[in-house]
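Subject: Structure for you to look through

Hello,

I am passing on the structure we talked about, and I would be glad if you opened it beside this message and followed along. My notes come after it.

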Amino acid sequence: MERKWEAKLKQIEERASHYEREPLSLVYKPRLSKPEEPPSIWKLFHRQTEAFNFVKSCKEDVHIFALEYKVGDGQRIYLVTTYVQLWFYYKSRRNLLHCYEVIPENAVCKLYFDLEFNRLANPGADGKKMVALLIEHVCKALQQFYRVSCSAEDVLNLDSSTNEKFSRHLIFQLHDVAFKDNIHVGNFVRKILEPAFHLIASEDDDMTPETMGHEFSHFSETPIKQGISFSKKSTDKDIGESWTTNSKKLERLGSAKQSSPDLSFLIVKNNIGEKHLFVDLGVYTRNRNFRLYKSSKIGKYVPLEVAEDNKFYPVQLKTISKENQYFLSALVSNVRFSDTLRILTCDISQNKQKRVEYFNHTSTSVETIEGFQCSPYPEIDQFVLLLVNKNGIKGGIRRWSYFFPEELLVYDICKYRWCENIGRAHKSNNIMILVDLKNEVWYQKCHDPICKAENFKSDCFPLPAEVRLLFLLKEEEEFTADETRNPHEPSSSASSKGTLSDADWDNGIDDAYILEATEDAELAEAAEDSLLSYNGIDEIPDELIIEVLEEY
DNA sequence: CAGCGCTACCACACCCC
DNA sequence: GGTGTGGTAGCG
């Protein structure tokens, strides 16, 4: 929404200045066109938005390329043409030397990597070996998360190294598989490299191993994502076949709990000795420019060439030269059309984002963190809100604290003051809801001096199933697959519903009830999420669900 | 006349102890 | 000193 506004505003400003510069001609100049000639499309724009607008108005399969044209500042102009036509003028390498592909936001694309390290700062680093290990790790992850099989033979490996810098581009050539867009690629890459971040964070600080354990135990060791599904593009039926890998989820839960892979090979030093990843994570932004095969950065004469250790060999065709094949394979948004194309997605859920925000802040104490309204466990917040919204009283969460050693979440409640001890609401003292994550129970205490004096603590009640199971099977990120009827049209909202089969919905849970019952959109989403988690489990403890709903 | 999309960083205001 | 915000230099 916000982005749309910004874009619109910018577009209008652009148009205004354009008309100021070039007022409309009063003379109409008709042109003749010969229909039998192949359409020649070759248009240059100073502004990216103008290029995008032209592409929209164009029937042909055209693409945007950014051309560097001034040394020093990274100024670019934007070329719109077809792959065929670009290659025709590009292949001689006498012009168009500094060309970049614009990977359009929302466009289906390949999995790609930009790899680099400074040779001087990393003597002894074996670049080729690091590339091989990375490819191996990525292939395993693709298999584990999406059941996609591939190997180093499916990875176009391009080299742009110098004496100073080891530099590679990897472009995965998966069969009938692509990512929804490059933002999803970035999410996937960050997800599968997560163990390496922890290595960077932990190695150089003087944190003790014990505190490290506490800091990360709930996250790094949390079983990673199980809700993986695919949908298949289908031409005979118009509906994308979709299925969830329910029965496999628990299996994988087991394997995911195994010690995380050793990614220490990914850690390199930059020229000032700071630790970084070998993988550049800055290349997964909207409309990212990605250098073409055989192009060099302006001012340098180091084009991307097929690496010595490349193992991807395109199938030889009579109609297309080998070089052209490599050129086309290196294009990230050049996804081969296929009627069995599967689109992979990797969302970062709201929960995860919140958790990242919370845990990035260095708290005063290593053992507790605290905040207001929303804790890092939105599902539990939601449950607590259910508890304190009864009999027409709209209770809320005033503040929460989390105690690492005890795994205890303490909620200070506002407005709702019902106390089990006195069997009625307190008049001027607030109550607390305590959630014991270790024992999966909750109980109530309060701030009233009398209750406090007798150290009152209510009976313990089991946490509802969705909170417990969520904790166990928490889908930190959602790996789903969209229907792929039209890969170039961004699907309206990658609703997680898309991954559910009819049978899943017909399990006796009134999902509409939950969606309506929670006014807050975010809470509704959390509620929906928990349903999805249920659907991933073969045996659903129905009694528990009903209990929660009745509470509401 | 004319690039784009970020992130890390800084300055500053405000709040609470 | 903690926390939130708004602006920007500079990176990819």
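**A buried asparagine and its surroundings**

Setting aside neighbours within four places in sequence, N157 is in contact with V131, R168, H169, L170, E305, V306, A307, D309 and N310. Please keep in mind while reading that this is a predicted model. N157 belongs to strand β6, which covers residues 155–159, and is N157 buried or exposed there? With a relative accessible area of 2%, N157 counts as buried, because the cut-off for that word is under 20%. The side chain of N157 is also joined to the side chain of R168 by a polar contact of 3.0 Å.

**The nonpolar cores**

In soluble globular proteins, nonpolar side chains tend to be buried together. Here the largest nonpolar core has 69 residues, and those with the most contacts inside it are L111, F113, L134, L142, F172, F188 and L266. Helix α4, residues 127–146, gives the largest share of this core, namely 10 residues. Apart from this core lies another, of 24 residues, which includes F383, V384, L387 and Y411. If you would like to trace one residue, L134 is in contact with F113, L115, L170, L193, F265, L266 and V279, once its neighbours within four places in sequence are left aside.

**Helices and what they meet**

Two packed helices are described by the angle between their axes and the distance between the axes. For α4 and helix α5 (residues 182–192), the angle is about 105° and the axes are 11 Å apart, which means that α4 is roughly perpendicular to α5. On the α4 side the contact is made by H137, V138, A141, L142, F145 and Y146, while α5 contributes F188, K191 and I192.

In helix α3, which spans residues 83–90, the buried residues are Y83, Q85, L86, W87 and Y90, and what covers them includes β1 (42–45), β2 (63–68), β3 (76–81), β4 (99–103) and α9 (322–330).

Helix α6, residues 194–204, contains P195, which, leaving aside neighbours within four places in sequence, is in contact with S260, P261 and L263. Although P195 and S260 are 65 residues apart in sequence, they are 6.7 Å apart in space, C-alpha to C-alpha.

**The DNA strand**

Finally, which residues surround DNA strand C? They are D280, V283 and R288, and an N or O atom in the side chain of D280 is 2.5 Å from a sugar or linking oxygen of the strand.

With best wishes

Note on methods: Residues are numbered from 1 along each chain as its sequence is written. Chains are lettered from A and ligands numbered from 1 in the order in which they are written. This is a predicted model: local features need pLDDT of at least 70, side-chain atom pairs count only at pLDDT 80 or more; totals for chains, interfaces and linings use all residues. Side-chain values use heavy atoms; hydrogens and water are left out. Buried means under 20% relative accessible area, exposed over 50%, partly exposed in between (1.4 Å probe, protein chains only). Helices (H or I, at least four residues) and strands (E, at least two) are DSSP runs, numbered from the N terminus. Contact means heavy atoms within 4.5 Å. A nonpolar core is a set of buried Ala, Val, Leu, Ile, Met, Phe, Trp, Tyr and Cys residues joined through side-chain atoms within 4.5 Å. A residue is near a molecule or strand if one of its heavy atoms lies within 4 Å of it. A polar contact is a pair of N or O atoms within 3.5 Å; within protein, one must be able to donate a hydrogen and the other to accept it, and residues adjacent in sequence count only if both atoms are side-chain atoms. Axes are lines fitted to C-alpha atoms, for helices over the stretch in contact, and angles run from 0 to 180 degrees between N-to-C directions. Angles under 35 degrees count as roughly parallel, over 145 as roughly antiparallel, 65 to 115 as roughly perpendicular and the rest as oblique.
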